[in-house]
Amino acid sequence: MFSPDQENISATKVPIKYGELIVLGYNGSLPNGDRGRRKSRFALCKRTKANGVKPSTVHVACTPQAAKAISNKDQHSISYTLSRAQTVVVEYTHDANTDMFQIGRSTESPIDFVVTDTVPGSQSNSDTQSVQSTISRFACRIICERNPPYTARIYAAGFDSSKNIFLGVDSETNELLDGSLIDLCGATLLWRTAEGLSHTPTVKHLEALRQEINAARPQCPVGFNTLAFPSMKRKEVVDEKQPWVYLNCGHVHGYHNWGNKEERDGKDRECPMCRSRGPYVPLWLGCEAGFYVDAGPPTHAFSPCGHVCSEKTVAYWSQIPLPHGTHTFHAACPFCAQQLMGEQGYIRLIFQGPVD
């Protein structure tokens with residue numbers, strides 16, 4: 001039996017994790033690095049002291065002037081203006097059984113996770129600065145139960161074409177499940193539960209897979225030079241040993257100028273192995289473990305970006321319609337947010353083994 005003090009000490013060593021929010025479109029970190037509350041993934045852990053809130057008093061059919069009088073700066077409240085003569089004020093009180101986390105574009109202190117707009121395929125934060133943000137300053141909040149099963153629920157509201165607030169239809173649930181997607185109208189978040197994350201590969205496992213594929217010494221069929229995936233720290237820098245792939249057939253080569261030298265990178269080129277024509281792009285290992293659905297070997301690549309991961313992972317994301325703008329959806333690579341192309345949106349990689 002532990003004494004109460006010993007139990008408190010053991011509980012502080014490993015905080016209970018409710019889950020993680022991961023921003024789609026980033027391969028393990030933001031382009032210029034994760035800093036403070038601005039990063040590509042955010043862990044929601046049990047707080048030392050509960051900070052959740054729950055509805056208490058509801059004031060209906062009062063004037064906006066009366067609503068101001070009801071509102072207390074020391075108490076959390078939400079007001080809904082229905083008309084010039086009618087406002088509903090819902091006062092909230094402290095909830096000792098839940099923890100609250102807030103997400104949005106604002107850098108003010110109530111925001112736990114600062115999220116900025118994702119530009120598909122962007123390599124640096126400078127690519128996003130010219131784009132006017134469409135993410136709300138206070139976009140949404142997540143309330144997590146402090147006791148098992150640690151249920152997480154999301155709360156947010158939107159506005160329709162008449163500028164009326166809406167909260168969703170009665171058949172919808174706000175409970176977050178492993179794999180739930182959160183559209184912030186400028187960025188999409190993936191929710192992974194602690195249980196779901198336990199089935200994804202670790203960073204160490206991904207590094208072991210990288211070393212394993214490099215240890216097989218794949219070779220370029222043209223230059224006969226050995227290919228190698230660069231370390232995860234150099235995941236955006238094209239290395240001279242970098243594997244490249246013809247996206248129509250999947251044959252992996254080193255970079256070469258075989259064929260018509262006037263043809264440039266990314267445009268149609270003819271594969272020396274099978275003569276099929278298509279884009280020719282460098283391959284990149286997918287480094288964000290939270291996007292994986294299993295711990296299988298990196299045998300497939302998304303098209304047209306060339307991000308490499310397991311077969312089950314590419315098959316899963318190729319079937320998920322992700323928000324594009326405010327009115328359309330399309331499948332995209334989770335590591336860079338580029339829209340998938342081709343019949344399947346991915347290809348199986350065909351490596352040439354060493355000849356010796």
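Student: In this structure, which residue in strand 2 does Gly19 stand opposite?

Tutor: The model is a predicted one, and within it strand 1 (residues 17-23) runs antiparallel to strand 2 (residues 41-45), with five bridges joining them. Looking across to strand 2, the residue that Gly19 stands opposite is Leu44.

Student: Which residue in strand 13 is the bridge partner of Val23?

Tutor: Strand 1 is also joined to strand 13 (residues 188-193), again by five bridges and in the antiparallel sense. In strand 13, the bridge partner of Val23 is Leu189.

Student: Why is strand 1 largely enclosed by the rest of the structure?

Tutor: Here a residue counts as buried when its relative accessible area is under 20%. Strand 1 has seven residues, and it is largely enclosed by the rest of the structure because the number of them that are buried is six.

Student: Which strands stand at the edges of the open sheet with the order 15-14-18?

Tutor: This open sheet has three strands with antiparallel pairing. Each edge strand has a single partner strand, so one side of it is left without a neighbour in the sheet, and the strands in that position are strand 15 (252-253) and strand 18 (280-282).

Student: Which residue in strand 15 does Trp244 stand opposite?

Tutor: Strand 14 (residues 244-246) pairs with strand 15 in the antiparallel sense over two bridges. Opposite Trp244, in strand 15, stands His253.

Student: In strand 21, what is the bridge partner of Leu285?

Tutor: Strands 19 and 21 belong to an open sheet of four strands with mixed pairing, in the order 19-21-20-24. Strand 19 and strand 21 (residues 307-309) run parallel and are joined by two bridges. In strand 21, the bridge partner of Leu285 is Val308.

Technical notes
Residues numbered from 1 in each chain as written. Predicted model: local features only at pLDDT ≥ 70, side-chain atom pairs only at ≥ 80, totals over all residues. Heavy atoms only, no water. Pairing = 2+ DSSP bridges. Buried < 20%, exposed > 50% of the residue type's maximum accessible area, 1.4 Å probe, protein only.
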